[in-house]
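Grab your viewer and work through these exercises with the model open. Try each task yourself before you read the solution below it.

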Amino acid sequence: MRTDFTQEDEGKPVHDDVYEHIGKIVKVEDGTGYVDLDPSVGEEVKSALGFSNSREDVYPIHDEMVQSTAGEVVRLRGDL
């Protein structure tokens, strides 16, 4: 699935595959959405998303991570 985020996606909540809130899109740059993770997100979720070795403030959401961007929520896949 090719995902090109737009400025309209900024502020959208991001949910994991079990529909738990994990953060929100805080910026879009060149079609890539960046998520600011909720402080309650644990290392297990970060690891599943490939963010565990990073100390960034915001994290890029890559195409293979996205299940759906329809509606008001970005949903990420669970089989990463």
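Accessible areas here come from the Shrake-Rupley method with a 1.4 Å probe, and for residues only the protein chains shown count as cover. With that in hand, the accessible surface of the protein comes to about 5,100 Å², and carbon and sulfur atoms own 42% of that area. Two housekeeping notes: this is a predicted model, where local features need pLDDT of at least 70 and side-chain atom pairs count only at pLDDT 80 or more, while totals for chains, interfaces and linings use all residues. Residues are numbered from 1 along each chain as its sequence is written, and side-chain values use heavy atoms, with hydrogens and water left out.

**Exercise 1. Find where confidence is lowest and where it is highest in the protein.**

Start with the scale: pLDDT is the predictor's confidence in each residue, from 0 to 100. Next, take the overall figure: the average is 86, and 95% of the residues score at least 70. Now go element by element, with helices (H or I, at least four residues) and strands (E, at least two) read as DSSP runs, numbered from the N terminus. Helix H1 (residues 43-49) sits at the bottom with a mean of 82, and strand S1 (residues 13-15) tops the list at 95.

**Exercise 2. List the elements in chain order and work out how compact the protein is.**

Step one is the inventory: one helix and six strands. Reading from the N terminus, you get β-β-β-α-β-β-β. Step two is the radius of gyration, taken over C-alpha atoms and set against the globule rule, 2.2 Å times the number of residues to the power 0.38. The protein comes out at 11 Å, close to the 12 Å that the rule gives for 80 residues, so it is as compact as a globular protein of that length. Step three, box it in: along the principal axes, the C-alpha atoms fill roughly 30 × 25 × 20 Å. Finally, call a residue buried under 20% relative accessible area, exposed over 50% and partly exposed in between (1.4 Å probe, protein chains only). By that count, 34% of the 80 residues are buried.

**Exercise 3. In what order do the six strands line up in the sheet?**

Two strands pair if DSSP finds at least two bridges between them. Follow the pairs and you get an open sheet, S4-S3-S2-S1-S6-S5, with mixed pairing. Its edges are strand S4 (59-61) and strand S5 (66-68), each of which pairs on one side only. For the twist, axes are lines fitted to C-alpha atoms, for helices over the stretch in contact, and angles run from 0 to 180 degrees between N-to-C directions. With direction ignored, neighbouring strands are turned by 45° against each other on average.

Then walk across the sheet, one pair at a time:

- S3 and S4 run antiparallel with three bridges, and Gly33 faces Ile61 in S4.
- S2 and S3 are antiparallel over six bridges; Gly23 partners Leu37 in S3, while Lys27 stands opposite Tyr34.
- S1 and S2 are also antiparallel, over three bridges, and His15 has His21 as its bridge partner in S2.
- S5 joins strand S6 (residues 74-76) through two antiparallel bridges, with Ser68 partnered by Arg75.

**Exercise 4. Which residues in the S1-S2 and S2-S3 hairpins take a positive phi?**

Most residues other than glycine have a negative phi, and most peptide bonds are trans. Take the S1-S2 hairpin, with five residues between the strands: Tyr19 has a positive phi near 65°. The S2-S3 hairpin has two residues between its strands, and there Asp30 in the turn shows a positive phi of about 55°. Check its surroundings too: Asp30 is exposed, at 79% relative accessibility.

**Exercise 5. Is Thr3 buried or exposed, and what does it contact?**

Place the residue: Thr3 lies in the segment before S1. Its relative accessible area is 6%, so Thr3 is buried. Now count a contact as heavy atoms within 4.5 Å. Setting aside neighbours within four places in sequence, Thr3 touches Gly31, Asp63, Val66 and Thr69. Its C-alpha is also 8.0 Å from that of Thr32, 29 residues away along the chain.

Compare Thr6, which is in the segment before S1. Thr6 is partly exposed, at 39% relative accessibility. The C-alpha atoms of Thr6 and Lys27 are 9.0 Å apart, across 21 residues of sequence.
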